[in-house]
Amino acid sequence: MITQIEKPEASLAATFGEPRAAFRSRQETIEAFGPLQPVVPEPGADLAGAVAAVFEEMDPDSVIAGALPFDTGAAACLWYAPRVHRSGKMIAPPPAKADPPRSERWRLRPDPDAPLYARAVERALALMAADAIDPLRKVVLSRSLVAETDRPIDLAGLLSRLSHDPAVTAFLMPLPSPEGTPRALVGATPERLLTKRDGTILSHPLAGSARRAKDLGADAAAAAALSRSAKDRHEHAIVVEFILDTLAPHCRRLWRPEGAALVSTATMWHLGTRIMGELKDAETPAIALAALLHPTPAVCGLPRTRASRLIGELEPYDRGFYAGTVGWCDGRGDGSWHVTIRCAEIAGCTARLYAGAGIVEGSDPWGEVDETAAKFGAMMAALGIPPVAEKRPGARS
Ligand SMILES: C=C(O[C@H]1C=CC=C(C(=O)O)[C@@H]1O)C(=O)O
């Protein structure tokens, strides 16, 4: 039986325990309580078809939540959530200051380390420069940080600390655990791949980044430099162009503002563009549109197939669910899908954090090292991992 719950957050947690899956943002909260049921698409069935088949028998107000991996050929992770709380806003506004993370001793292993990452960026830039015909215009290269501690990581506490930034969607998504240790994807993404409600859609791509500074003047200068940067504007325009081209055939009308806007999270400045559309067919499910868009050049590159092949060659790991999309949909085809960035995959005492940066002509390899270091910042702070110093060769400390 499906139960829709409408109670304040405190009593929900007291009655049902912590949510098994959650999305928390200033705009909406979706929390799933109690056991989740895996949704396994029939071989050959598309995701939208698999979701529609579940809702033929279920309440259209219930929810399927999940994550699509970066690799579009790998299996998606989808859960039917019978007990869901949905709210148009954050249920309980978080207190002004987040609880500090408990103090832990962390063992850190960068994968790859900063010099190796910088070399991968150099290699991508050399390939871009070498191709005169049909050049690789952009590739997003990532690196990861494996952090291990002595006690299992507290997922609920981590989610709650990540929820304090009003500019992000904090999320928790359990993943299949073939090796027995429960796994989850936890993060605080600022980037909306696609939200659909009735016949309207919204996509809010971000690309082009700068680290925020504590000093107000330096912070304003970082924002101003980002909005003037031709390299970052180009990097951003590639993503917007791709999203408009992909959505246009499905839309009666598609709007975008003139030029990119500055968007800030607690730790980063970005260039962002809010794209809104009216669908030709209001029944087109959110998950079908999200799957069409994914992976955008905010996480992959352009041309997409070449960029994705290069990512496979230059990154020393399989991205798994990082740089995929994480979200939910209901039986009416509405839903929200977010770009799975500023996140970590967590299994017991281990977290693997990921951060990537868009490489275009004019990128500076050690600038991209610094940008990815800054992008680790929010997850590291929420976990209680102290900052790591990574110095450009030849730089004085
Ligand atoms: C790929 C990531 O960020 C993307 C989103 C915003 C800005 C980006 C950039 O400026 O490179 C990236 O495209 C990440 O955080 O791992």
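**View 1. Val 39 and its counterpart across a strand pair in the predicted model.** Val 39 stands opposite Leu 78, a residue of strand β6, and this close-up comes from a model that is predicted. The two strands β4 and β6, the latter made up of residues 77–81, pair in the antiparallel sense over 3 bridges.

**View 2. The open sheet and its edges.** Strands β4, β6, β5, β20, β21, β12, β13, β18 and β15, in that order, form an open sheet of 9 strands in which the pairing is antiparallel. Because β4 (37–39) and β15 (251–255) stand at the edges with a single partner strand each, one side of each is left without a neighbour in the sheet. From one strand to the next, the twist averages 15°.

**View 3. Helix α7 on the sheet.** Helix α7, which comprises residues 286–293, packs on the sheet and touches β5 (63–68), β12 (192–197), β13 (200–204), β20 (325–330) and β21 (335–339). The direction of helix α7 makes about 155° with that of β12.

**View 4. The annotated domain.** An unreviewed UniProt entry carries the annotation "domain: Chorismate-utilising enzyme C-terminal" for residues 117–375. In the model, the end C-alpha atoms of residues 117–375 lie 15 Å apart, and the span is 32% helix and 34% strand.

**View 5. The shell around the ligand.** Of the 18 residues around the ligand, those that come nearest are Ser 209, Ala 298, Ile 341, Gly 356 and Gly 358. Strands β9 (138–148), β14 (206–211) and β23 (350–359) each supply at least two residues of this shell, and β23 gives the most, with 5 residues. By character, the residues of the shell divide into 9 nonpolar, 6 polar and 3 charged.

Definitions and conventions:
Residues numbered from 1 in each chain as written. Predicted model: local features only at pLDDT ≥ 70, side-chain atom pairs only at ≥ 80, totals over all residues. Pairing = 2+ DSSP bridges. Helix = DSSP H or I, 4+ residues; strand = E, 2+ residues; numbered from the N terminus. Axes fitted to C-alpha atoms, helices over the stretch in contact; angles between N-to-C directions. Contact = placed C-beta atoms within 7 Å. UniProt positions renumbered as here; feature names shortened; annotations may be inferred. Near = placed C-beta within 6 Å. Nonpolar A, V, L, I, M, F, W, Y, C, P; charged D, E, K, R; others polar.
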